[in-house]
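This briefing describes selected local features of one protein structure for a reader at the start of a first-year course. Please keep the sequence and the structure in view while reading.

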Amino acid sequence: ARGIRGVNVTAVGWDDQGTEGDSGQLLVGSATGDIYGGRLRSGDDDGEGGIGVGTGGERMGEGGGALKLWHSCNTGEDRASVTGLHFGRVTGFVDGGPVERVFILAVTSGLNKRTRLHSFRGSNTNLRSAFDGPSPSPSPSSAKGLSSPSPGEPSSTFIELPGSIDRADLVVCGRSFIVRTESFLYYGEMDRTLANSGTTGATSSGGIVDTGILPYPERTGKMLPCSVALTPYHFVLLYDDGEITFVSRVSMGIVQVDSIETSDIPSSASPELLLDPQRLDAVWVRHGQSLYHVSSPNENRDVWRLTLESSLQPSPAGDVKADDALFESAQNLCSNAAQRSVVGLVRAEVHLARGRASLAAKHLARAPPALAPFARTALRLYLPSLGAGSVPDLSPAAKAEVSSSPAPLVAYLTDRLTRAAVAGDTVQTAMLGAFLTELHLANRQDLRPGQLTSFLSANAGHLDANTTLRILASHDAEAMECAMYAANSGDIGPAVHAALCGDLGKNGALAALQILNDAPIDKAEPFYYRHASTLLRRAPVEASDSFLIRHMDGLEPTKLLPAFLNFGRICDAKKVQQEQRQSRSFASGGSPETVRSKLIESVIRPNGTFEDDAVEVKIESAEQLPTPAGPDPQEATAATISYLEGVIVAGCSSTAIYNYLVTLYASMEDEEPLLSFLSEHVVPVRTAGAPPPGAAGLDEDPPSPLDLSYTLRTVLKTGRHFRSAVKLYMGFGLRQQAVELALKVDPTLARELAHESTDQDEKRRLWLMIAKSMAADEYGGKEVVAKVVSVIKDCGNDILTIEDVLPFLPDFASIDEFKDEICEALSKYSTKISEYKQEMQECDHTCEELRNEINRLETYQSEVRADARCALTGKAVLGADEPFYVFPSGYVALAGPLKKEVLPYLNESQRDRVHQIERDLSVLQRKRAVDPSSHETLSQWEDLQSELDGFIAAECPLTGHIMVNSIDREFEGAGDDELDVRRLFETIYTRPRHGLAR
């Protein structure tokens, strides 16, 4: 290694994150008390045998390999050397986010110099940030914690240690450190967490906690060790004569003394202790060229026992957390279950002796039976509450706590029950569960409110249901307590029954609903149906909401419908009862004040004195009279409607549900809910005489669950809600009945329905009905004629005329009131007569042209060339043995090929008729052969032949509709050969027409 030119290096602080080619962050201490910092990489050399030293102005990592002067630990003439350096990183959370900062320890010492331990705290992970603050300040040893330095406060502190020593070593092992001084070992721990992050004010200890001093052991010869080391559980001291002393960090006593032979090794230097950074418990001795391994392979074998012995000493002020922390440390040091059991039992006994019986009970429950038998432990915790005089191994404080409360015994048994349940010991869980239930019931007044219910609910799966219920019944436990336990144990029936019986009001129903809502639907479903009526009577809104929520899990609305019907009858009876009570209150007539005065007069004499047998009564008004108990009818109806609407929206298709909802709607004074419901589920039939939607035989839409017949009967029975009845008539397609009813409630609606009709005859009938209704208005007076005339104008053209409504007008009507309409009608008639005359003339002209064309066709002749060929087959038509047809287009076709070409384009009935004609022609042909002179046979033959010609020769197959319809068909016989395709085109389109001669 190279030195720093001009600087005597006495200590180095290495970065544990460095690599072979990069030192990472680096600190170097000098003999003058200065600390240099920087970073070294491979190749950083100035070529003159050393590493350069900068002025200190650059940040770490800048300026190549030069080290910069960052801090001086000495002030004035006291130029002590830096004999120890170490830095690490502390972590914590500031403002909810993780923060990492640097923490540095440095030791300065020298002959006739002061020995000091310095600590530095940075604001980030950069080492330089730890030296940017003000000058260091002394720190009392009692301060603890570590915080970020605030502006204006010191970023470093130091502790001055007594004595003067040539080299005060600093040794670090994990979080712990020791400093070798002239008189003792100074030890402590670095607080590696930002305990006070985010707060202002520096902690006075500089991040060093749990400090102390260890005097050097007494020995013959030199008392000051030449080297020290630190392991997780021991202080190691090495002397010049080769003696090695191991001091326990727990008991602070010597646990082992070894030695090495140093006389045979010539060396001017003293032996030195070395630590393995990879194994903190490995200690080596270097003396000259020799290296000795002196650490124990199992150095923590007795540490748990020593830590446990130190835990027996009471903590200051009886701090429970401090005691538990020592026991936890001892338990963590145990290497097997037996050691942990001993620590646990000692921990329990210590807590018991110090009056913490409840805390001790939890640890006693975890002890093995060999150390803490169940019977003995349970008696120790139970006998004082029974008034036993002396209980062995129980301190007065613990006895007082156990006597005053069963909580320690309950805690012990509860923990044992949990451990038995984990182990699957059903016998032990049943026994412990019964014992605990008895304790909770017997000492219910000493336990917290609800503790019994919490215990039963939490351990329902571990207790024996029959035994527990018998115990509850024997102690007259409240029904709700039994209900909650039964529900948690899975027995839904008794739970619901107990909840309903425990409170006969709304609270009992709410508890039962809670049990049913929390249970699986397969277990709760039958009890929903069984108790639905009771639940609706006590809590209608909550019960309806619960039914609707569980509908998605499979709760059937049709099975709940009887309960809703019964609930509806109860509400109706209550409503009638209320109305009767009100009517009886005012049977004598008059206001409530009149009733009150009459009652008073009946018991008071005219002179103002009371009768001898008079009694004092309190007369209240009708508004103050108490109402019978039970659900409010309006609230109950609203809850039922809400449930039925919800299940319908969720997809229920039960006709019974729809019908009951319609019944409830119809019973309401407001028609709007019923009308909205029908508007959504009733589709008007616009065609006269058509069946209603959902009727059999229609494939358009699935049948509607709504029973229109029942709905119409229900609505008409109420004697109101006529708009809904009109919509139902339209759903049946009975437009005339709908218009007739609409005329009674809303003539405008009747006119709208008449306008929607698409059948002219029906529309005329409907408008006549409307006109007749307008004319029959008894209160119309002179406005009757105006109303009838408005109907004629509103119905549209060609629907009604003035003469259609004349029979409806009253006898006293004057013609002057509608003479304009009469004139308009006469004008329309005149126009129509002229139009009819014009049409007749056009018909005569057309008939004359048809007669002329027929006469021309009768004398029409056509010539066929001798070489004429069939356009379909190419055969000569004159030499063929079958008839042929000549078309105006010029093409000629034989009868057989023509029929073959045309038949595929005829429909099925036409093809059947062609075949039938051919058979009939064959029969007539045979008859003509027998009797050629039969005129009847000849006439029939000619008629059939003409009909056949009409089917197959109505138009040219190559220029008429057949050719147009066949444009998307492939050519017959067409293949991949282009010549075949060309030949087909030539046959159809380029062949000369062999038809009429020019």
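**Strand E11 and its partners**

Strand E11 pairs with strand E12 (residues 184-190) in the antiparallel sense, over 5 bridges. The model is predicted. The points below follow E11 and its partner strands, then a pair of packed helices, and finally one tryptophan.

*Pairing with E12*

- Within this pairing, Arg 180 stands opposite Leu 185 in E12.
- The two strands E11 and E12 form a hairpin, with 3 residues between them.

*Pairing with E10*

- E11 also pairs with strand E10 (residues 170-173), in the antiparallel sense and over 4 bridges.
- Here Cys 173 is the residue that stands opposite Ser 176 in E11.
- E10 and E11 form a hairpin as well, with 2 residues between them.
- In the turn of that hairpin, Gly 174 has a positive phi of about 65 degrees.

*Burial of E11*

- Strand E11 covers residues 176-180, and 5 of its 5 residues are buried, so the strand is largely enclosed by the rest of the structure.
- Both faces of the strand are covered.
- On one side, the buried residues are Ser 176, Ile 178 and Arg 180.
- On the other side, they are Phe 177 and Val 179.
- Arg 180 is thus named twice in this account: it is buried in E11, and it stands opposite Leu 185 in E12.

**Helices H3 and H4**

*Geometry*

- Helix H3 (residues 337-353) packs with helix H4 (residues 357-366) at an angle of about 165 degrees, and their axes are 8 Å apart.
- Angles over 145 degrees count as roughly antiparallel, and H3 and H4 are therefore roughly antiparallel to each other.
- The crossing of these two helices is left-handed.

*Contact residues*

- From H3, the contact involves Gly 344, Leu 345, Arg 347, Ala 348, Glu 349, His 351 and Leu 352.
- From H4, the residues that meet them are Ala 357, Leu 359, Ala 360, His 363 and Leu 364.
- By type, the residues of the contact between H3 and H4 divide into 7 nonpolar, 3 polar and 2 charged.

**Tryptophan 767**

- Trp 767 is found in helix H25, which spans residues 760-775.
- Is Trp 767 buried or exposed? Its relative accessibility is 0%, so Trp 767 counts as buried.
- Trp 767 and Ala 754 are 13 residues apart in sequence, and their C-alpha atoms are 6.7 Å apart in space.

Definitions and conventions:
Residues are numbered from 1 along each chain as its sequence is written. This is a predicted model: local features need pLDDT of at least 70, side-chain atom pairs count only at pLDDT 80 or more; totals for chains, interfaces and linings use all residues. Side-chain values use heavy atoms; hydrogens and water are left out. Axes are lines fitted to C-alpha atoms, for helices over the stretch in contact, and angles run from 0 to 180 degrees between N-to-C directions. Angles under 35 degrees count as roughly parallel, over 145 as roughly antiparallel, 65 to 115 as roughly perpendicular and the rest as oblique. A crossing is left-handed if the near helix is turned anticlockwise from the far one by less than a right angle, and right-handed if clockwise. Contact means heavy atoms within 4.5 Å. Ala, Val, Leu, Ile, Met, Phe, Trp, Tyr, Cys and Pro count as nonpolar, Asp, Glu, Lys and Arg as charged, and the others, Gly among them, as polar. Buried means under 20% relative accessible area, exposed over 50%, partly exposed in between (1.4 Å probe, protein chains only). Two strands pair if DSSP finds at least two bridges between them.
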